[in-house]
Amino acid sequence: MELELAGAELKSVLNRLRRAQGQISGVIRMIEEGRDCEDVVTQLAAASRALDRAGFAIIATGLQQCVTDMESGRKNGEDPEAMRARLEKLFLSLA
């Protein structure tokens, strides 16, 4: 299954990933500067949420595409149950 992100979806996912990238850079800088543990953990949690949201957005798009493919009869040779199992595994990897 290939993931196709359209304009707005792609922009949203990329923005979330860039936000996480900036937050992770901030965490590294905070640790290097010897900042307060609570501040570091708070920033790290924000980065983690940004990554999770990007992942969920990608999976939601994949689910939507799978449903569309199945409805239109374009299964790309993959069994619908196998496709569902792969998507479930992806979803659970973020849980």
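**Exercise 1. Classify Arg-35 as buried, partly exposed or exposed, and find its charged partner.**

Solution. The model is predicted, and each value below is computed from it.
Step 1. The relative accessible area of Arg-35 is 42%.
Step 2. Buried means under 20% and exposed means over 50%, with partly exposed in between. Arg-35 is therefore partly exposed.
Step 3. Side chains of opposite charge can pair when their charged atoms come close. Here Arg-35 forms a salt bridge with Glu-33, and the closest N and O atoms are 4.0 Å apart.
Step 4. A search of the whole structure returns one salt bridge.
Step 5. Gly-34, which follows helix 1, has a positive phi near 70°.

**Exercise 2. Describe the secondary structure of the protein chain and its overall burial.**

Solution.
Step 1. The chain has three helices and zero strands, and its pattern along the sequence is α-α-α.
Step 2. The chain has 95 residues, of which 22% count as buried.
Step 3. Its accessible surface is about 6700 Å², and carbon and sulfur atoms account for 56% of that area.
Step 4. Among contacts with a separation of 6 or more, 67% are between residues 24 or more positions apart.

**Exercise 3. Check the length of helix 1 against the expected span, and list its buried residues.**

Solution.
Step 1. Helix 1 covers residues 7-32, which is 26 residues.
Step 2. The expected span is 1.5 Å times one less than the number of residues, so helix 1 should span 38 Å.
Step 3. The end C-alpha atoms of helix 1 are 37 Å apart, in agreement with the expected value.
Step 4. The buried residues of helix 1 are Val-13, Ala-20, Gln-23, Gly-26, Val-27 and Met-30.

**Exercise 4. Work out the surroundings of Gln-23.**

Solution.
Step 1. Gln-23 is in helix 1. Its relative accessibility is 14%, so Gln-23 counts as buried.
Step 2. Leaving out residues up to four places away in sequence, Gln-23 touches Gln-43, Ala-46, Ala-47 and Ala-50.
Step 3. One of these, Ala-47, has its backbone nitrogen 3.4 Å from a polar atom of the Gln-23 side chain.

**Exercise 5. Identify the residues of the nonpolar surface patch and the helix that gives the most to it.**

Solution.
Step 1. The patch is made by Leu-10, Leu-14, Leu-17, Ile-24, Ile-28 and Leu-51, with an area of about 440 Å².
Step 2. Helix 1 gives the most, with five residues.
Step 3. Leu-51 belongs to helix 2, residues 37-72.
Step 4. A patch residue needs over 30% relative accessible area. Leu-51 has 39% relative accessibility, which makes it partly exposed.

**Exercise 6. Compare separation in sequence with separation in space for the pairs Met-83 with Leu-63 and Arg-53 with Leu-94.**

Solution.
Step 1. Met-83 lies in helix 3, residues 80-94. At 4% relative accessibility, Met-83 is buried.
Step 2. Met-83 and Leu-63 are 20 residues apart in sequence, and their C-alpha atoms are 9.5 Å apart.
Step 3. Arg-53 lies in helix 2. Its relative accessible area is 47%, so Arg-53 is partly exposed.
Step 4. Arg-53 and Leu-94 are 41 residues apart in sequence, with 9.4 Å from C-alpha to C-alpha.

Methods: Residues are numbered from 1 along each chain as its sequence is written. This is a predicted model: local features need pLDDT of at least 70, side-chain atom pairs count only at pLDDT 80 or more; totals for chains, interfaces and linings use all residues. Side-chain values use heavy atoms; hydrogens and water are left out. Patches are made of residues with over 30% relative accessible area and no salt bridge: like charges are joined within 9 Å, nonpolar side chains (Val, Leu, Ile, Met, Phe, Trp, Tyr) within 5 Å. Accessible areas come from the Shrake-Rupley method with a 1.4 Å probe; for residues, only the protein chains shown count as cover. A salt bridge is a side-chain nitrogen of Lys or Arg within 4 Å of a carboxyl oxygen of Asp or Glu. Helices (H or I, at least four residues) and strands (E, at least two) are DSSP runs, numbered from the N terminus. Buried means under 20% relative accessible area, exposed over 50%, partly exposed in between (1.4 Å probe, protein chains only). Contact means heavy atoms within 4.5 Å. A polar contact is a pair of N or O atoms within 3.5 Å; within protein, one must be able to donate a hydrogen and the other to accept it, and residues adjacent in sequence count only if both atoms are side-chain atoms.
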